[in-house]
Amino acid sequence: MAELIRVLIADDDPLVRVGLSLVLGAAPEIQIVGEAGDGAEAVELARRLRPDVVLMDVRMPRTDGLAATAELRRYGPAPAIVVLTTFDTDENLLGALRLGANGFLLKDIAPTEILDAVRRAAAGESILAPSVVPRLIGYAVARDPESDGGRGSRASAVLDRLTEREREVADAVATGRSNAEIGAELHMSVPTVKAYVSRLLDKLGCANRVQVAILVHESRAGK
């Protein structure tokens with residue numbers, strides 16, 4: 001029997017919460033442990049209920065999803081946080097990822113993809129769909145080089161600490177590939193990929209794979 005994945009849903013729209021609960025609750029290995037209508041309530045419930053995954057809307061009253069993500073990350077890498085966003089109109093997405101969110105979901109995403117995203121987040125993977133990675137990272141690094149505060153240069157300096165093999169794994173992570181896909185590409189077992197990713201997080205001081213991806217792309221933009 002699959003290990004139970006405990007999920008907290010944070011969204012100010014009751015209909016969205018109901019819809020997500022119905023989709024996720026249909027999976028036998030997923031349990032909805034709570035629902036929050038704003039970021040402050042999400043933080044309080046996450047601390048009390050200790051979910052494995054939080055589905056976090058960005059735009060909410062009182063405390064928004066960005067502030068809630070930052071607050072939860074003050075206490076460590078758990079739970080996994082997946083941001084809910086419309087992406088095309090929500091420019092706060094990248095802020096959430098930099099603050100430590102593990103990925104994102106589009107609100108019109110297919111139910112099967114929602115389930116897959118929650119499972120991947122619970123397994124420690126980032127939710128970066130390959131089809132939107134170029135657009136996401138382009139938004140991350142498309143700024144005036146003179147106004148980026150030297151972020152690209154700093155990212156390159158940090159990545160220079162990696163071995164050649166570690167850098168190959170970091171580059172693969174930056175494409176949004178899963179552990180299985182990275183293993184197939186680099187001829188490594190999935191446990192070996194997981195070990196390399198854990199090492200990357202430690203050496204780069206990143207909370208999750210999304211931050212590794214942003215570092216990689218910022219280093220490229222800074223060259």
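So, the chain has 11 helices and 5 strands, and what we are looking at is a predicted model. Of its 223 residues, 50% count as buried. As for how the contacts are spread, if you take those with a separation of 6 or more, residues 24 or more positions apart account for 68% of them.

Let me go to the largest pocket, since I suspect that is where your eyes went too. Its space comes to about 490 Å³. Which residues sit closest to the centre of this pocket? Of the 24 that line it, they are Asp52, Pro77, Ala78, Pro79 and Ala80. Now for the elements behind that lining: α2, α5 and α10 are the ones that give two or more residues to it. If you want the ranges on your screens, α2 covers 39-49, α5 covers 111-122 and α10 covers 190-204. The largest share, 4 residues, comes from α10.

What about the chemistry of the lining? For anyone thinking about probes or grids, the residues divide into 14 nonpolar, 5 polar and 5 charged. And which domains contribute to it? Domain 1, residues 5-129, and domain 2, residues 147-222, each supply at least three residues to the lining.

Stay with Pro79 for a second, as we just met it close to the pocket centre. The peptide bond leading into it from Ala78 is cis, with omega near 0°. Pro79 itself is in the loop between α3, residues 65-73, and β4, residues 80-85. So if you set this model up for a calculation, that is the omega I would like you to have seen on the slide.

Next, Asp57. The UniProt record, an unreviewed entry, places the feature "modified residue: 4-aspartylphosphate" at this position. In the model, Asp57 is found in strand β3, which covers residues 53-57. Is Asp57 buried or exposed? It counts as buried, because its relative accessibility is 5%, and the cut-off for buried is under 20%. Who are its partners, once we leave out residues up to four places away in sequence? Asp57 touches Ala10, Asp11, Asp12, Gly65, Leu84 and Lys107.

Over to helix α9, residues 179-186, where we find Gly183. Gly183 is buried as well, with a relative accessible area of 5%. Setting aside neighbours within four places in sequence, Gly183 is in contact with Met188 and Val193. I also have a C-alpha distance for you: Gly183 and Lys194 are 11 residues apart along the chain, and their C-alpha atoms are separated by 9.4 Å.

Last topic, backbone angles, for the torsion fans among us. Arg50 has a phi near 50°, a positive value in a residue other than glycine. Arg50 lies in the loop between α2 and β3. At 66% relative accessibility, Arg50 counts as exposed, because the cut-off for exposed is over 50%.

Then there is His187, which is not a glycine either and has a positive phi of about 60°. Where does His187 lie? In the loop between α9 and α10. His187 is exposed, and its relative accessible area is 72%.

To pull two threads together before I hand over: α10 provides the largest share of the pocket lining, and His187 lies in the loop between α9 and that helix. Thanks, everyone, and I am happy to go back to any of the slides.

Terms used: Residues are numbered from 1 along each chain as its sequence is written. This is a predicted model: local features need pLDDT of at least 70, side-chain atom pairs count only at pLDDT 80 or more; totals for chains, interfaces and linings use all residues. Side-chain values use heavy atoms; hydrogens and water are left out. On a 1 Å grid over the protein atoms alone, a cavity is a set of points where a 1.4 Å probe fits but cannot get out, and a pocket is an open set with protein on both sides within 12 Å along at least five of seven lines; lining residues have an atom within 4 Å of a point. Grid points are joined across faces, edges and corners, and a volume is the space filled by probe spheres set on the points. Ala, Val, Leu, Ile, Met, Phe, Trp, Tyr, Cys and Pro count as nonpolar, Asp, Glu, Lys and Arg as charged, and the others, Gly among them, as polar. Domain bounds come from an automatic or database domain assignment. UniProt positions are given in the numbering used here, feature names are shortened, and annotations may be inferred rather than shown by experiment. Buried means under 20% relative accessible area, exposed over 50%, partly exposed in between (1.4 Å probe, protein chains only). Contact means heavy atoms within 4.5 Å.
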